[in-house]
Amino acid sequence: MDRLDNTIRPYAWGSTTAIPRLVGVEPTGEPQAEMWMGAHPGAPSRTARGPLTELIDAAPERELGAETVAKFGPRLPFLLKILAAGAPLSLQVHPDLAQAKEGYEDEERRGVPIDAPHRNYKDANHKPELICALTEFDGLCGFRAPLEAADLLAALEVDSLKPYVDLLHAHPEDAALREVLTAVLSADTEQMAVTVTEAAAACTRLGGAHAPYADLADHYPGDPGVIAAMLLNHVRLQPGEALFLSAGVPHAYLNGLGVEIMANSDNVLRCGLTPKHVDVPELLRIVRFEAGDPGVLRPEASPDGEEVYETPIDEFRLSRYVLPEGAPSRDLTLRTPQILLCTAGSVQADDHALAPGQSVFVPAGEKTEVSGTGTVFRATVVA
């Protein structure tokens, strides 16, 4: 078992206080957006034996187990994060596995540099993800019913939005959503900026369900993503609740602290709320125009106290243990690799005492027990 020393990413949208508060240190005044735990080449966790990437490369079956290597190859299939949003992230979608492979191969064939700002596909992998709230957590996830979106836009009484309201009353629903998103993202930039400014003023005046979009416009004035965001479900998670984001589902995190886990990929197509590249044709190829409930997840408890967040993919499996005072130690031994992360209290993982924000990597098959009083998240795979 290896204690992890993890990189904190200082993205501009990160909270200046949430991660320092969690780990019990003074804020630096700089944004701290994500703490990465895993073997992603962009910021691999460090151990006393060296970077986690090098440990796995040197002996993949010893670290990951034969079953994991046979199913996913000689790499850790997931990336675990603590995510602290102090401002809205970009509105985005992720490709499925076939789309990622096709897009990556196409850009490689065309010689698009991997670090080019207009490059869409950094790798050939998909990026399903799960976010579990540690604090109250706001986000956008999936399309609203078109008639609900129409009502939200109509209430603004902005003349330039009326064509979108009319389109959202059309059938079938998926075509209506596609037409409106296409129109919003393809509109004249200057005209859309005026529309967003008028819509933001109306959102501020109306408050209530419109309030989140006024905040978006404050952070991204004139951005068409503000109007696109009004097509999506606004979700407020309570601590312990989670969202699963599958391929093609548009989403954005707005505010809060959470534990995030995803397949080990960097593939993101942006819809707005960002100064970065937005490839509208490719985005429209990837987005699933399906309205529906965002599907808030609550953990399912097993007899041994493990609370599992069920998802339909195998690259990751996230669960947690809430350890009450005086509880006996729990055997967490698995035949798959795991990362254990403490988020509350004081947890003992074999010889390692873990405070909030601290984590360990456990090689496949290694005998593992946890004890103490607190909360520990377990990240592993389904092999």
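Contact here means heavy atoms within 4.5 Å. Keep in mind that this is a predicted model, where local features need pLDDT of at least 70, side-chain atom pairs count only at pLDDT 80 or more, and totals for chains, interfaces and linings use all residues. Residues are numbered from 1 along each chain as its sequence is written, and side-chain values use heavy atoms, with hydrogens and water left out.

**Exercise 1. Find the annotated active-site residue and describe its surroundings.**

Step 1: Start with the record. UniProt, in an unreviewed entry, puts "active site" at Arg270; such annotations may be inferred rather than shown by experiment, and their positions follow the numbering used here, with feature names shortened.

Step 2: Place the residue. Arg270 sits in strand β13 (strands are DSSP runs of E, at least two residues; helices are runs of H or I, at least four; both are numbered from the N terminus).

Step 3: Check accessibility. Arg270 is partly exposed because its relative accessibility is 22% (buried is under 20% relative accessible area, exposed over 50%, partly exposed in between, with a 1.4 Å probe and protein chains only).

Step 4: List the neighbours. Skipping residues within four places in sequence, Arg270 contacts Ser90, Leu91, Gln92, Lys276, His277, Val278 and Leu283.

**Exercise 2. Work out what lines the largest pocket.**

Step 1: Get the terms straight. On a 1 Å grid over the protein atoms alone, a pocket is an open set of points with protein on both sides within 12 Å along at least five of seven lines, while a cavity is a set where a 1.4 Å probe fits but cannot get out; lining residues have an atom within 4 Å of a point. Points are joined across faces, edges and corners, and volume is the space filled by probe spheres set on them.

Step 2: Size and lining. The largest pocket holds about 860 Å³ and has 36 lining residues, with Trp13, Ser90, Val268, Arg270 and Lys276 nearest its centre.

Step 3: Trace the elements. Two or more lining residues come from each of β3 (34-38), β6 (78-85), β12 (251-263) and β13 (269-272), and β12 gives the largest share, 5 residues.

Step 4: Sort by class. The lining has 19 nonpolar, 7 polar and 10 charged residues (nonpolar: Ala, Val, Leu, Ile, Met, Phe, Trp, Tyr, Cys and Pro; charged: Asp, Glu, Lys and Arg; polar: the others, Gly among them).

**Exercise 3. Do the same for the second largest pocket and the largest cavity.**

Step 1: The second largest pocket has about 270 Å³. Of its 15 lining residues, Ala39, His40, Pro41, Arg75 and Asn264 lie nearest the centre, and the classes split into 5 nonpolar, 5 polar and 5 charged.

Step 2: Now the cavity. The whole structure has 1 cavity of 30 Å³ or more, and the largest cavity encloses about 30 Å³.

Step 3: Leu91, Phe143, Leu181, Ala228, Leu232, Pro250 and Cys271 line the largest cavity, giving 7 nonpolar, no polar and no charged residues.

**Exercise 4. How many disulfides are there, and why is Cys342 not in a bond?**

Step 1: Apply the cut-off, a pair of cysteine sulfur atoms within 2.5 Å. The count is 0 disulfides.

Step 2: Try Cys141. Its nearest cysteine sulfur, in Cys271, is 12 Å away, and Cys141 is buried at 3% relative accessible area.

Step 3: Try Cys342. Its sulfur can't bond because the closest cysteine sulfur, in Cys132, is 14 Å off, too far for a bond. Cys342 is buried too, at 0%.
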